[in-house]
Amino acid sequence: MTLEGTSLIGQQSVAGNAASINAINPATGETLEPTYAGGSKAEVDKACELA
């Protein structure tokens with residue numbers, strides 16, 4: 001699986017438009033790639049609705 005920096009909401013790949021987010025390796029503190037764009041309130045609401 002290749003990480004592309006998008007989120008899955010339902011069955012759709014969504015590129016957010018909010019502030020950028022990176023995961024951090026807790027063992028090393030290293031910032032991991034790719035960078036993800038945060039979701040809008042509407043995108044987060046939709047993801048919660050579908051969950």
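Lys46 is partly exposed, with a relative accessible area of 37%. In this predicted model, the side chain of Lys46 meets that of Glu49 in a salt bridge. That pair is one of two salt bridges found in a search of the whole structure. The briefing below starts with the overall fold, then turns to the helix and to Thr35.

**Overall architecture**

- The chain has four strands and one helix.
- Read from the N terminus, the order of elements is β-β-β-β-α.
- The C-alpha atoms occupy a box of roughly 35 × 25 × 20 Å along the principal axes.
- The chain has 51 residues, and 14% of them count as buried.
- The exposed area is about 4,000 Å², with 55% of it supplied by carbon and sulfur atoms.
- Take the contacts between residues at least 6 apart in sequence: 33% of them join residues at least 24 apart.

**Salt bridges in helix 1**

- Helix 1 spans residues 41-50 and holds both Lys41 and Asp45.
- Lys41 and Asp45 are four residues apart, about one turn of the helix.
- Their side chains form a salt bridge, at 2.8 Å from N to O.
- Lys41 counts as exposed because its relative accessible area, 64%, is over the 50% cut-off.
- Asp45 is partly exposed, since its 39% relative accessibility falls between the 20% and 50% limits.
- Glu49 and Lys46 also both lie in helix 1.
- Three residues, about one turn of the helix, separate Glu49 from Lys46 in sequence.
- The N to O distance in the Glu49 and Lys46 salt bridge is 3.7 Å.
- Glu49 has 60% relative accessibility and therefore counts as exposed, the cut-off being over 50%.
- Lys46, at 37%, is on the partly exposed side of that cut-off.

**Glu43, a buried acidic residue**

- Glu43 sits in helix 1.
- Glu43 is buried yet has no salt bridge.
- Lys41 offers the nearest side chain of opposite charge, and it is 12 Å away.
- A salt bridge requires a nitrogen to oxygen distance within 4 Å, so Lys41 at 12 Å does not qualify as a partner for Glu43.
- A polar atom of the Glu43 side chain lies 2.8 Å from the backbone nitrogen of Ser40.
- Beyond its neighbours within four places in sequence, Glu43 contacts Ile9, Val14, Ala15, Gly16, Asn17 and Gly38.

**Thr35, in the loop before strand 4**

- Thr35 lies in the loop between strand 3 (20-21) and strand 4 (36-37).
- Its relative accessibility is 34%, so Thr35 counts as partly exposed, between the limits of 20% and 50%.
- Leaving out residues up to four places away in sequence, Thr35 touches Gly5, Ser20, Ile21 and Asn22.
- Ser20 and Ile21, two of these contacts, have the numbers that bound strand 3 (20-21).
- Asn22 is 13 residues from Thr35 along the chain, yet their C-alpha atoms are separated by 5.1 Å.
- The side chains of Thr35 and Asn22 also make a polar contact, at 3.1 Å.

Conventions: Residues numbered from 1 in each chain as written. Predicted model: local features only at pLDDT ≥ 70, side-chain atom pairs only at ≥ 80, totals over all residues. Heavy atoms only, no water. Helix = DSSP H or I, 4+ residues; strand = E, 2+ residues; numbered from the N terminus. Buried < 20%, exposed > 50% of the residue type's maximum accessible area, 1.4 Å probe, protein only. Contact = heavy atoms within 4.5 Å. Areas by Shrake-Rupley, 256 points an atom, 1.4 Å probe, with all protein chains shown as cover. Polar contact = N/O pair within 3.5 Å; in protein donor to acceptor, adjacent residues only side chain to side chain. Lys, Arg positive; Asp, Glu negative; His and termini not counted.
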